[in-house]
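Please open the model in your viewer and keep the selection tool at hand, since the tour goes from one selection to the next.

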There are 2 protein chains.
Amino acid sequence: MARKPVQQRAKATVDAIVEAGFIAMAERGPAATTTRQIADIAGVGVGSLYEYFENKEEIFRVMSERFVADTIAMIQPLIPTIVRKPIKEAVLDLLGHFRDFLQANNERYLKCARYAMALDFEQHVEPLQKTLSELVTQYLMHHPETLKIRNIPTMSYIMINGGIYSVVRHLCDPAPPITFDELAGGLADMVSHYTEREMALVEPQ
Amino acid sequence: MARKPVQQRAKATVDAIVEAGFIAMAERGPAATTTRQIADIAGVGVGSLYEYFENKEEIFRVMSERFVADTIAMIQPLIPTIVRKPIKEAVLDLLGHFRDFLQANNERYLKCARYAMALDFEQHVEPLQKTLSELVTQYLMHHPETLKIRNIPTMSYIMINGGIYSVVRHLCDPAPPITFDELAGGLADMVSHYTEREMALVEPQ
DNA sequence: ACGCTTGTTCGGATTCAATTCGGAAAATTT
DNA sequence: AAATTTTCCGAATTGAATCCGAACAAGCGT
């Protein structure tokens with residue numbers, strides 16, 4: 001950000017620009033949105049964009065950050081409930097909330113996720129990964145028997161990355177080969193089967 | 001493509017442009033490559049780009065298509081060998097080849113995959129998905145006992161999407177939290193455990 | 001080999017979006 | 001209410017993408 005807004009009026013301008021960024025991106029996609037469009041939607045002059053943002057990229061960057069922060073804020077309060085559920089229900093619950101979140105406001109965040117996963121690829125989603133890792137850790141602590149599972153960091157990595165991508169990809173697909181419930185159920189089965197099999201393998205020793 | 005090259009000379013020009021596209025993309029990333037750079041690397045005038053490509057985007061599109069086609073050509077001959085192996089080895093084998101393929105030529109295709117997954121998101125990778133689905137089908141036919149598994153299309157969808165993304169993401173990450181071998185082993189365990197657990201569940205009936 | 005048609009190359013001219021800049025307007029401070 | 005700081009703006013600049021028509025090369029029938 002080139003300059004910090006100090007007056008109330010300026011803060012409103014910054015908000016309007018970011019908001020306009022979401023609207024423009026949802027309408028035409030990130031590549032096709034111009035600075036003039038964003039400025040028009042926000043109701044400010046083009047020059048104003050550059051008072052608070054280095055360039056167009058930074059507007060998208062701030063949008064990504066807000067998206068990730070909102071996602072985390074959505075997940076955090078779910079954690080206490082989720083960690084007490086059986087594994088399969090826990091996954092289904094989390095995925096259901098995630099889908100609703102992505103689709104809210106005319107899929108604002110779904111479109112953003114698609115973009116965030118594209119350009120940044122790791123930069124901004126990292127805090128989200130961290131939150132989900134935290135969720136996994138807490139889940140394991142609530143289910144001590146699962147602590148025997150090997151390779152927990154690896155499986156966590158796979159499920160978080162693969163899971164997020166599969167869901168975003170699926171929701172973006174206008175003609176998906178499977179339903180969302182099948183996908184969610186599949187991911188839940190994947191986790192629960194892995195857990196059960198691992199525990200069965202370790203038990204005999 | 002605006003026009004088809006009919007003479008040999010023109011075909012060479014088209015090839016040089018696509019080749020230059022790969023080089024420029026590997027050096028600076030897709031967003032920072034200009035038409036002039038591509039033209040300079042290819043050793044042609046900027047105007048020549050537009051003889052055979054509608055616009056810069058189309059150059060990237062053709063690159064994506066070539067990448068996917070090459071990936072498929074890499075996988076096809078592996079199928080007969082892979083389908084005869086135990087599930088875990090089969091996955092490890094496939095992933096190893098995939099990694100080597102992505103990293104060849106100074107990671108040319110890895111950089112391309114990152115981009116292909118970004119903008120297109122489904123358009124051009126679809127043939128690859130199809131090839132991998134075919135591989136799964138053939139694998140199942142060589143291991144009839146696995147046909148009892150439920151939700152095969154769903155699991156196939158998850159493993160293909162989540163697997164490709166996890167691997168590409170991991171290879172792009174300059175400081176990955178786990179090693180590639182751990183990732184590959186984890187994916188292989190994921191598949192094999194799921195398979196074993198599903199077969200155990202269906203057996204008793 | 002020669003003229004004619006078609007295919008190819010090129011780089012300057014054009015278009016369009018991103019970014020800059022300097023001054024006007026609004027808010028805040030003195 | 002003057003001075004100072006903050007904010008806003010849109011015309012001007014910059015640079016990249018794209019167009020275009022002239023010049024060059026290849027194929028082809030005679």
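**The two DNA-facing surfaces**

Begin with the surface near DNA strand C, whose residues divide by class into seven nonpolar, ten polar and five charged. Keep in mind as you look that this is a predicted model.

Now select the 22 residues that surround DNA strand C, and label the closest of them, which are A:Thr34, A:Asn55, B:Ala10, B:Gly45 and B:Gly47. Colouring by element next, you will find that two or more residues of this surface come from each of α2 (35–42) and α3 in chain A, and from each of α1 (8–28) and α3 in chain B. The element that gives the most here is α3(B), with four residues.

Move on to DNA strand D and select the 23 residues around it, of which A:Ala10, A:Gly45, A:Gly47, B:Thr34 and B:Asn55 come nearest. On this surface, at least two residues are supplied by each of α1 (8–28) and α3 (46–52) of chain A, and likewise by each of α2 (35–42) and α3 (46–52) of chain B. Here α3(A) gives the most, again with four residues, and the classes are seven nonpolar, ten polar and six charged residues.

**The two protein chains**

Finally, hide the DNA and display chains A and B together: a rotation of 180 degrees, with 0.0 Å of shift along its axis, superposes chain A on chain B with an RMSD of 0.1 Å. That is the relation of a two-fold axis. As a last selection, take the interface residues of chain A; 100% of them are also interface residues in chain B, so the copies meet through the same surface.

Conventions:
Residues are numbered from 1 along each chain as its sequence is written. Chains are lettered from A and ligands numbered from 1 in the order in which they are written. This is a predicted model: local features need pLDDT of at least 70, side-chain atom pairs count only at pLDDT 80 or more; totals for chains, interfaces and linings use all residues. A residue is near a molecule or strand if its C-beta atom, placed from the backbone, lies within 6 Å of it. Ala, Val, Leu, Ile, Met, Phe, Trp, Tyr, Cys and Pro count as nonpolar, Asp, Glu, Lys and Arg as charged, and the others, Gly among them, as polar. Copies are superposed by least squares on the C-alpha atoms of residues with pLDDT of at least 70 in both. Two residues are in contact if their C-beta atoms, placed from the backbone, lie within 7 Å.
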